[in-house]
Amino acid sequence: MSRVYNFSAGPSCLPEEVLKECAAEMLDCNGTGQSVMEMSHRSSAFKPIIENTEKLVRKLMNVPDNYKVLFLQGGASMQFAMIPLNLGIKTGKAAYIKTGIWAKKAEAEAKKLGIQVTELASSEDKNFTYIPRVEKVTGDYDYVHITLNNTIVGTHYEYIPDTGSIPLVADISSCVLSEPLDVRKFGLLYAGAQKNLAPAGVTLVIIRDDLITETPRPGTPTMLTYKTHADEGSMFNTPPCYTIYVMGKVLAWVERNGGAEGMKKLNYAKAELLYEYLDNSQYYHATAEKGSRSIMNIPFLTRETDPDKAKEVNDKFVKGAAAEGMVNLAGHRLVGGMRASIYNAMPIDGVKALIRYMDNFAKING
């Protein structure tokens, strides 16, 4: 069977040449006679792999020297707890902007851990279809949290809130390295890898040195303390070695293709193509408002208003697309319809093929 266009929101498609490289080295990586899956994380064989991955993260994201790069486990969801446990220690207060389901979960976790949360703004009033404007934040907060790109609802910040001396924390799981990002504007960035970086299993954390404390909130487990991992170079316990290895391969692919600027050029070309089609269609429409639209995740609906008929049409659309080699286009259950996730590894030909299919489907079913 030939390769399909995988529009999954995550785990998502990886660059084909990276997959081929990994396959070629499965039994013998770098002349060691073993797979990375078998290597001791403390061996001389694995050390250059993790060092190279960190080096590429720093280079491609322009990470300043006063930030640590950590490779952790537990996904972005674990960070929902680690952040308040480690950062919420001076006033016990934090501010959150609620722009989607994952932002909502992050906020709820902080409250569960005893943080006094202020909700600065929310777009829940319109089903999270837009990003509220919070240009400047003041107050005695320990940190401010945002979700830079909202995978489920397909929205994205087109600005970065000015938080002054308050550390700004951002979940960048679904937009990491999709375009340049000024790390210096943030105290902490985190990303589950399974969308733009690697298979599921490793979480990238970039944290400013002054936020790494020896005394997190009382009762914080050793494994949920940033200092534990920062002091040991992400090797306090066995890290997800293979996914770190694949991340290094993906980052090298990003570098070969123009770095973050190259990804931005490709991603905006893909997104503009699909949004232009949706905005001019009499049959489909995008769900996210202009000015807040993601270039990574694009949910869309047909014009069918009857819920039962809409579900029937959506199911038919997704099934027909899969038959033509375009998979994982079903929308999230909380939004419905369809969703095309067009991460870095999705070629523009995949978007063009989707638009052709959408056009034919509309002509037959419209």
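Biologist: Which helices each supply at least two residues of the lining of the largest pocket?

Modeller: Bear in mind that this is a predicted model, where local features need pLDDT of at least 70 and side-chain atom pairs count only at pLDDT 80 or more, while totals for chains, interfaces and linings use all residues. Residues are numbered from 1 along each chain as its sequence is written, and side-chain values use heavy atoms, leaving out hydrogens and water. A helix here is a DSSP run of H or I, at least four residues, and a strand is a run of E, at least two, numbered from the N terminus. The helices you're after are α2 (47–61) and α7 (259–279).

Biologist: Which element gives the largest share of that lining?

Modeller: A pocket is an open set of points on a 1 Å grid over the protein atoms alone where a 1.4 Å probe fits, with protein on both sides within 12 Å along at least five of seven lines, and lining residues have an atom within 4 Å of a point. The lining of the largest pocket has 29 residues, with H156, Y157, E158, E179 and Y268 nearest its centre. The largest share, 6 residues, comes from α7.

Biologist: Is R293 buried or exposed?

Modeller: R293 sits in the loop between strands β11 (284–286) and β12 (297–302). Buried means under 20% relative accessible area, exposed over 50%, partly exposed in between (1.4 Å probe, protein chains only). R293 has 13% relative accessibility, so it counts as buried.

Biologist: Which side chain makes a polar contact with the side chain of R293?

Modeller: Contact means heavy atoms within 4.5 Å, and beyond four places in sequence R293 touches G154, H156, E158, Y275, D279, A286 and A288. A polar contact is an N or O pair within 3.5 Å, one able to donate a hydrogen and the other to accept it, with sequence-adjacent residues counting only through side-chain atoms on both sides. The R293 side chain reaches the backbone oxygen of A288 at 3.0 Å. The side-chain partner, at 2.9 Å, is D279.

Biologist: Which helix gives the most to the largest nonpolar core?

Modeller: A nonpolar core joins buried Ala, Val, Leu, Ile, Met, Phe, Trp, Tyr and Cys residues through side-chain atoms within 4.5 Å. The largest has 94 residues, and V57, M61, I206, Y284 and F317 touch the most other members. The most, 10 residues, comes from helix α6 (residues 241–256).

Biologist: Which residues beyond four places in sequence is Y284 in contact with?

Modeller: Y284 is among the members of that core touching the most others. Its contacts are Y277, L278, F300, L301, T302, R303, F317, M358, F361 and A362.
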